[in-house]
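Please load the model in your viewer and keep the selection panel at hand. The stops below follow one another, each with something to select and a note on what is there.

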Amino acid sequence: MAYSWDNRVDFVVRYMYDIDNNGFLDDNDFQCMAVRAAVIEGKGNVDANRLGEYRHIMKSLWEEISDLADDDKDGKISTEEFKGAVKKTCVGKAIDGFPQAMKAFIDANFKMMDLNSDGIISLEKYRYNCITRIAVDDIKVVDEAYNRLLNDDDRKKGGLSLSRYQELYSHYLGNLDEKNPGVTLFGPLTV
């Protein structure tokens with residue numbers, strides 16, 4: 001159950017998008033994500049141009065998600081509304097079939113994780129990203145989740161490239177199988 005599609009999407013809403021923890025998604029969450037991304041990418045420094053780029057990405061993502069998911073047009077997206085939109089736009093599709101703003105968000109998320117900008121998400125970067133969202137009492141479970149993502153080519157490269165990260169992200173959201181390669185993209189999940 002930990003890696004069911006429902007639980008994976010619940011995780012995305014709760015730990016990645018609902019930044020203000022009010023139980024639904026709204027424009028404020030996406031503006032907070034822009035600030036967070038700029039601060040993390042800048043390792044505490046905020047480049048005004050990068051912040052502007054992140055604000056544009058997140059505003060576009062919010063508008064696209066709102067169009068797809070805000071069924072009652074109240075400016076708020078519940079977890080159920082979000083799941084419905086993801087099912088319509090992502091399930092059964094490769095990354096190329098995802099909405100444009102979602103693809104931009106995925107790329108921005110990769111850049112945020114790639115702390116030294118070498119184009120690879122290593123074990124250390126993965127660990128850092130995971131512990132910013134989930135409580136971990138044993139780093140071993142995080143390491144196991146990372147190793148589950150890797151294929152032979154990833155191991156040769158020393159981690160996940162952007163294209164591999166995009167592929168795994170599409171598996172995470174777009175594949176209903178609990179055993180798909182991307183289920184641990186954001187760390188070990190619990191029910």
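Contact, as the word is used on this tour, means heavy atoms within 4.5 Å. The model is a predicted one, and each stop should be read with that in mind.

**The nonpolar core**

Begin by selecting Phe 82, which, once residues up to four places away in sequence are set aside, touches Val 9, Val 12, Val 13, Tyr 17, Leu 25, Ile 65, Ala 69 and Ile 77. Now widen the selection to the largest nonpolar core, a set of 57 residues in which Tyr 17, Phe 82, Tyr 169 and Leu 173 have the most contacts. Two or more residues of this core come from each of helix H1 (5-17), helix H2 (27-41), helix H3 (48-69), helix H4 (79-89), H5, H6, H7 and helix H9 (162-174). In soluble globular proteins, nonpolar side chains tend to be buried together.

**The largest cavity**

Keep Phe 82 selected, since Phe 82 is also among the residues lining the largest cavity, together with Glu 64, Ile 65, Leu 68, Ala 85, Val 86, Thr 89, Cys 90, Pro 99 and Met 102. This cavity holds about 70 Å³ of space, and the structure has 2 cavities of 30 Å³ or more. Colour the lining by element, and H3 and H4 each turn out to supply at least two of its residues, with H4 giving the most, 4 residues.

**The largest pocket**

Turn next to the largest pocket, in which about 320 Å³ of space lies. Which residues lie nearest its centre? Select Phe 11, Tyr 15, Ile 134, Leu 189 and Thr 190, which hold that place among the 15 residues of the lining. The element that gives the most to this lining is H1, with 5 residues.

**Helix H6 and its cover**

Select helix H6, residues 123-131, and pick out its buried residues, namely Lys 125, Tyr 126, Asn 129 and Cys 130. Why do they lie on the same side of H6? They cover an arc of only 135° around the axis, and this puts them on the same side of the helix. Show helix H5 (100-113) and helix H7 (139-149) as well, for both are included in what covers the buried residues of H6.

Within H7, select Asp 143, which is buried at a relative accessible area of 16%. Apart from neighbours within four places in sequence, Asp 143 is in contact with Leu 123 and Arg 127, and a distance drawn between the side chains of Asp 143 and Arg 127 will show a polar contact of 2.7 Å.

**Thr 184, after H9**

Move along the chain to Thr 184, which is found in the segment after H9. Is Thr 184 buried or exposed? Its relative accessibility is 1%, so Thr 184 counts as buried, the limit for that class being under 20%. With residues up to four places away in sequence left out, Thr 184 touches Tyr 3, Tyr 126, Ala 145, Arg 148 and Leu 149. Tyr 126 will be familiar from the buried residues of H6. A polar atom of the side chain of Thr 184 lies 2.7 Å from the backbone oxygen of Ala 145.

**Arg 55 and Gln 31**

Select Arg 55 in helix H3, a residue that counts as partly exposed at 34% relative accessibility. How far is its C-alpha atom from that of Gln 31? The two C-alpha atoms are separated by 6.3 Å, although the residues are 24 apart along the chain. Beyond its neighbours within four places in sequence, Arg 55 is in contact with Gln 31, Ala 34 and Val 35.

**Two positive phi angles**

For the last stop, look at two loops. Most residues other than glycine have a negative phi. Asn 21, however, has a phi near 55°, a positive value, and its place is in the loop between H1 and H2. Asn 21 is exposed, with a relative accessible area of 60%. In the loop between H2 and H3, select Lys 43, where phi is near 50° and likewise positive. Lys 43 counts as exposed at 58% relative accessibility, the class beginning at values over 50%.

Definitions and conventions. Residues are numbered from 1 along each chain as its sequence is written. This is a predicted model: local features need pLDDT of at least 70, side-chain atom pairs count only at pLDDT 80 or more; totals for chains, interfaces and linings use all residues. Side-chain values use heavy atoms; hydrogens and water are left out. Buried means under 20% relative accessible area, exposed over 50%, partly exposed in between (1.4 Å probe, protein chains only). The arc is that of the directions from the helix axis to the C-beta atoms. A polar contact is a pair of N or O atoms within 3.5 Å; within protein, one must be able to donate a hydrogen and the other to accept it, and residues adjacent in sequence count only if both atoms are side-chain atoms. A nonpolar core is a set of buried Ala, Val, Leu, Ile, Met, Phe, Trp, Tyr and Cys residues joined through side-chain atoms within 4.5 Å. On a 1 Å grid over the protein atoms alone, a cavity is a set of points where a 1.4 Å probe fits but cannot get out, and a pocket is an open set with protein on both sides within 12 Å along at least five of seven lines; lining residues have an atom within 4 Å of a point. Grid points are joined across faces, edges and corners, and a volume is the space filled by probe spheres set on the points.
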